[in-house]
Every structure is written in structure tokens, then in C-alpha cells.
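Visitor: I would like to go through this structure with you, one question at a time. Could you start with whatever term the first answer will need?

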Amino acid sequence: MSAHKITYPVPGAVMKDAHVSGMPAYRSLVAEADADLGAYWGRLAREFVSWRTPFAKTLDVGSAPFFKWFEDGTLNASYNCLDRHVERGLGDKAAIVFEADDGQVNRVTYSDLLARTCRLANALKTRGVKKGDRVVIYMSMSVEGVVAMQACARIGATHSVVFGGFSAQSLRDRIAGAGAVVVITADEQLRGGKQLPLKAIVDEAIALGGCDSVKDVIVYRRTGGQIAWDALRDRWMHEETETQDDTCEPEWVGAEHPLFLLYTSGSTGKPKGVQHSTGGYLVHAAVSTSWTFDLKDEDVFWCTADIGWVTGHTYITYGPLSIGATQVVFEGVPTYPDAGRFWQMIQDHKVSVFYTAPTAIRSLIKATEANQAIHPGRYDLASLRILGSVGEPINPAAWEWYHEHVGGGRCPIVDTFWQTETGGHMITPLPGATPLVPGSCTLPFPGIAAAVVDETGNDVPNGQGGLLVVKRPWPGMIRNIWGDPERFKLSYFPPELQGYYLAGDGAIRDVETGYFTITGRIDDVLNVSGHRMGTMEIESALVSCTALVAEAAVVGRPDETTGETICAFVVLKGPRPTGDDARRIAAELRHWVAKEIGPIAKPKDIRFGDNLPKTRSGKIMRRLLRSIAKDEAITQDISTLENPAVLDQLMERN
Ligand code: WT7
């Protein structure tokens, strides 16, 4: 494959003074890691992280795949993100420039953030939260959300942030799965001028049962909207914290102590609680934030992700703060009050490094076509130095637009491939070193042994697609699936793959450059607007509507704006509906899925059949369903199909 033709060289202005400057510097880091992986990461761990007790061990492979990094070292993540910057005189530096949905701006210094974190940490301790306890955080984008995460880290409690768009049912599953003792939430969230419930959903989740572990619900007052109150369980955050001391001795934890759990979708069954460590994770977060974004003291970084996803963990709460950067945190949405909001904010806050998702770029391209007044060219974006992309493949057309119209042709785009499980960047350009090719995430981060292999774990030649694996451990890697070590081993280190980490994506390397291109998930995981969802999860939500649904199959359909959309094929218990009936029931099922999982999981397209296409042995022919979803002519062999007549039914759109 030589699809990689247009190459963008590293701009001289970026290469000069870059943390990793030029290809030889990149190669020498790769060589250092190749020569001694433990020593390489050990050096970085000492440079980027402050340890309470220094580690003597670097990497322990003895209990693979339960790898351990820096195991005998102790540290505190919140100390690393806050205190040490104050101690070196950066207390008055802005840690967070918060812009609210309505445009109000709040500048929070490192000293402020430390004091607020300590007060909440003390409040949690007063409520009896101890090292190792789990705390669920169900909040929208706010300084308080970041403070809540830092406060947990400070006292050694393991946080589990649940994205504010998940339903009561999903929240209940995550609270119960983690056995959380406290839930931290807000009365409501403000997005795009609308007040949306948060606390009411926590109430509903707890009422669903199975959350007996929860002793307290701490509520940040964001909007002052009407909410129900349980005097025995609910506490206002401002009342809990106002009497607390603004210092709090950090709880020094071992490097392998679980910093957080983050539930993510897999190809089978319920979402899994990805467990991350403190030491290794923080090392990966700090080094990658520094190198991939080439952050300097004077930079203003803005990652538009939500703290409910891993990007918001690593590249908002932990990475930028661990290296003492200034960052913008945004409460709202890119289209409110208009689709020029991102560019307006870059201009207002003089953002120099901007990190967002391809789906956002594509939807803003569309919005610009409809309204030239919000074209990025109408704003002063001269402060920008580096652009980033994350969450899904960025198509070359969107890349070029981002590069030309947002970056003014002078800003490298770092297309960062990574996952909830990897903790930090895995394959990405380094802006001062890597020539860019649109559509390729280029080369592995130094120290990451990414490779493309066949089903038995053997390398495939460049130019030939295969499975993306990582051959050697890295500090930020997933440590376990919470409460399910067997599933951890089988999902990520399947026996046939020679002990390699299986990413779940397909990839291909360019013949000439060796550059990686991610070809998409090879399992039943969908990526809709950068949100990860399992087809099985949506199928179980549909069939849990037992009054209506007999059977359901869900597939992804490629979509120009959102990457993929969800397409569901449903067999009802009653007769197959058509016309208005079909549309009404489809709407009802969409609503059902939103209630079961969350609005992000709503199938866009629902089609009804008397049956699903199955082989004579009863297996649903998913490949066939994928073609039907795309309205493609069927080229597959359907001779083994038990019931060919249903195909015509399933081709009908509602
Ligand atoms: C999946 C992981 C990485 C944090 C946000 C998503 C896809 C992610 C890229 C990219 C191509 C990408 C993969 C991956 N993905 N970044 N730059 N190019 N694909 O984390 O929710 O765990 O999803 O997102 O399919 O496996 P996640």
C-alpha cells in the first residue's frame, strides 16, 4: 500500500526548541527503550514524577500479564499535580482557565486548586472515606469535577468517573460494580443553554437498588435548580468543605495502588472496569503530555474532551497538571451559542495547543458550509502552535481542513492513537520530530512496542493489514479489569498471541515509511462520535424491552460525520410493523435504549423483520447485516441462509 503520498515536513519553528527535536532525537529515544525498557522508563519516571520513596525496581514481568511498574516506590498523584508546582514557586500560575457554558470565565491558580482539593479531601475523610475506597464521580465539565478526582487521589481513594450522559441504569451498574462508598455529583449540568439533570439521575440510580455501599452523596451546586433531598444521605459540597482546612497531608501510596477505574465497552457483555495504577499511569500521562503536545511553561493547552472519558483523565486531570501547564476547561458544547465557539475561545484565551476529536471537526466543517460567519478564518487563531486529534481515525479531508483553516498551515497535527486501556498515547507523531501524513497516526511513542501481526502473533510485512498488538509492557497500561482478572487475561492477552497486548483494532503499516494507519475495530465495538459502545450491550438493552422485543442484532454503519452510526435489526414479539407503526415503535425503542444505557447509544436506524438472517446452525449473519445497513448490494453467499425472505424486509428503512 502506498496511499501515503503527501507528507508534511516538520516546520522549522516547531522543531527548534521542541522537547523531542528531529527524527534522530526520536530514534535515539526508541533505541534507548529497545536497549533496556525498564531503565528507559525508570529514567523518565525519575525526571517527570516526584516520589516519596524512590523505587528500586522498574519493571516486573514475573507475574505477566499482571505487569508491575516501579512497585516499591511510593507517591501521591495529587501531590505531583499540585503541591510540587506551588513548592517551586508556581502557586500563582493559572492551572485552569474555566469557561462556563454561558461564557463566564474563572481563572484558578495552582494554589487555589490545591486548597480546594485539600478541602474536599478533608471533607471526604470526615465522611470516613479511606485509602482504597471507591468514589463514583457523576459530574459535568467543571473545576469541581477535576477537584473531585484530585481529592480522591490525595487520600488514596480510587475514583470511577461516569460520563454525565449515561443513564440511571448505567450509573447504577457502575456504582454497584465498584462498590462505591460516596457519589459526587452536581444538582444539574448546563450544556448549550439547557439545564440537564444529574442529581435526579443519581437518585434514580440508587433507587434501582444494589447501591447499599453508598453512604453519602455530595452535591456541587451548579445551577440551583430544584432537586429532591435525602437529609440522611445528601450533602452540599459547599457546606461540607467550607469548614475544612485547606491543607491535607497526601496519602502516600504504592505505585501499583489503583488510582482510578473507568468503565468502557467491550465486545461482549457488560462494560468492564478498566483499572489503572498510580505510578506507571502518572509517568505515561506526564511524559506523553509533555512530548506529544510539546508543552512549554508559557503554553495554553486545551483538550475539549469530557472528564467522563479517558482523554479527560489523562489529558485534563492528570497529564497537564502533573507538568504544571495552564489549560482551558470548557463546560459547554462546540455549537453554542454558535458553531464558532471553539475558535472564539482559542482567540480569547490565546490557546496554543488544541486537542479535539475528528467528529467535532467534521461537524464544524458542515456548520461552516452552512454559515461562513463562523469560519475559523474569521477569528484570530495566531496563538495556535500545535493541533491534536483523538478518538477515531481522522479522514484526510478533515485533516487537511483542520490543518489549513484552523492551523493556518503552520501547525503540526498530532493524530494520537490510544485507548482507555492504554492510559496514554501509543502511536502518535511528536510535533517537533515526525513528518506528517494525513490519515496516519505515524509512529509509536518512544518505548511503545506497537506491531501488526497475524492471528498467531507473527509479524506481517508492511503493506499487509493485521492485528494491532503491543509486544512489551508500558507504564500506563491497564492493570486489571476490576474484579475480573480472568476476563482481563483473555480479553487483552489471548493465549494465541504470544503474550502480546491485543488492542482490538486492525492496522496496516506503510511499505516505505513504516507509518501506522488504524483500520478500525476488529471486534464488535462501535465508535460513534468518538464514543465507544459494544454492539452486544445495545442488543441486550433492546431485548430487555421484553414487552416488545423478541430478538435484536446491532451493527455499525460508516457515517461521514460521526464515524459510525448504530443500526439495529429487530424482531418483535408481535407482528412485524410497517409505516407509521414501525416509526412509532422505533421511536419507543430508541427511548428505551436511552433509558437503559444513555442517549449516546440510541440506534439511529431501526429496521424490523419477521426474523434475522441466520445460517442453518442458527448464527446471525452479521456481515450480511452490515451490508444491508449500508444499503449495499448483497454480494455475500446467501446459500446457507435459512430464511432469505427476511432480507427484503430488513432493507426497508423506517
Ligand atoms: C478506540 C479506543 C483514545 C481516547 C479516546 C478513545 C479508536 C482512538 C484513534 C486514532 C484511529 C482511534 C480505536 C481505539 N481510536 N484514537 N487516533 N485513530 N482510531 O478511547 O473510548 O477507549 O476508544 O478508539 O478504535 O481502539 P476509547
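Guide: A residue is called buried when its relative accessible area is under 20%. The model before us is a predicted one.

Visitor: Which residues of H3 are buried?
Guide: Applying the limit of under 20% relative accessible area along helix H3, residues 37-48, gives a list that includes glycines as well as aromatic side chains. The buried residues are Leu37, Gly38, Tyr40, Trp41, Gly42, Leu44, Ala45 and Phe48.

Visitor: Against which elements do the buried residues of H3 pack?
Guide: Packing here rests on contact, that is, on heavy atoms within 4.5 Å. By that criterion the partners of the buried residues of H3 comprise both helices and strands, namely helix H2 (23-35), strand E1 (59-60), strand E2 (68-69), helix H4 (77-90) and helix H10 (279-292).

Visitor: How far apart are the end C-alpha atoms of helix H13?
Guide: Helix H13 covers residues 358-370, and at 1.5 Å a residue its 13 residues should span 18 Å. The distance in the model agrees with that expectation, since the end C-alpha atoms of H13 are apart by 19 Å.

Visitor: What covers the buried residues of H13?
Guide: The residues in question are Pro358, Thr359, Ala360, Ile361, Arg362, Leu364, Ile365 and Thr368, each of them buried. Their cover includes helix H12 (341-349), strand E18 (353-356), strand E19 (386-390), helix H14 (396-406) and strand E29 (563-572).

Visitor: Is Val390 buried or exposed?
Guide: Val390 belongs to strand E19, and, leaving aside neighbours within four places in sequence, Val390 is in contact with Thr311, Tyr355, Thr356, Ala357, Pro358, Thr416 and Trp418. Among these, Ala357 is 33 residues away along the chain, yet the C-alpha atoms of the two are separated by 5.0 Å. The relative accessible area of Val390 is 10%, and because the limit is under 20%, Val390 counts as buried.

Visitor: With which residue does the side chain of Lys199 make a polar contact?
Guide: Lys199 lies in helix H8, residues 199-207, and is buried, with a relative accessible area of 0%. Beyond four places in sequence, the contacts of Lys199 include Asp187, Arg233 and Asp234, as well as Val217, Val219 and Trp229. The polar contact between side chains, at 2.8 Å, joins Lys199 to Asp203.

Visitor: How many charged residues are in the lining of the largest cavity?
Guide: The whole structure holds two cavities of 30 Å³ or more, and the largest has about 50 Å³ of space. Its lining is made up of Asn76, Ala77, Ala153, Gly156, Ala157, Val253, His257, Pro258, Leu259 and Thr278. By class, six of these residues are nonpolar and four polar, and the number of charged residues is no more than none.

Visitor: Which strands each supply at least two residues of the lining of the second largest cavity?
Guide: This cavity encloses about 40 Å³, and the residues lining it include Leu468, Val470, Tyr501 and Ala503. Leu468 and Val470 fall within 466-470, while Tyr501 and Ala503 fall within 501-509. The strands are therefore E22 and E24.

Visitor: Which element gives the most to the lining of the second largest pocket?
Guide: The second largest pocket has about 360 Å³ of space, and of the 21 residues that line it, the closest to its centre are Asp173, Gly269, Lys270, Pro271 and Glu537. Two or more residues of the lining come from each of helix H7 (168-178), strand E15 (272-276) and helix H16 (535-543). By class the lining has six nonpolar, seven polar and eight charged residues. The element that gives the most, with five residues, is H7.

Terms used:
Residues numbered from 1 in each chain as written. Predicted model: local features only at pLDDT ≥ 70, side-chain atom pairs only at ≥ 80, totals over all residues. Heavy atoms only, no water. Helix = DSSP H or I, 4+ residues; strand = E, 2+ residues; numbered from the N terminus. Expected span 1.5 Å × (residues − 1). Buried < 20%, exposed > 50% of the residue type's maximum accessible area, 1.4 Å probe, protein only. Polar contact = N/O pair within 3.5 Å; in protein donor to acceptor, adjacent residues only side chain to side chain. 1 Å grid on protein atoms, 1.4 Å probe; cavity = no way out; pocket = protein on both sides within 12 Å on 5 of 7 lines; lining within 4 Å. Points joined across faces, edges and corners; volume = space filled by probe spheres on them. Nonpolar A, V, L, I, M, F, W, Y, C, P; charged D, E, K, R; others polar.
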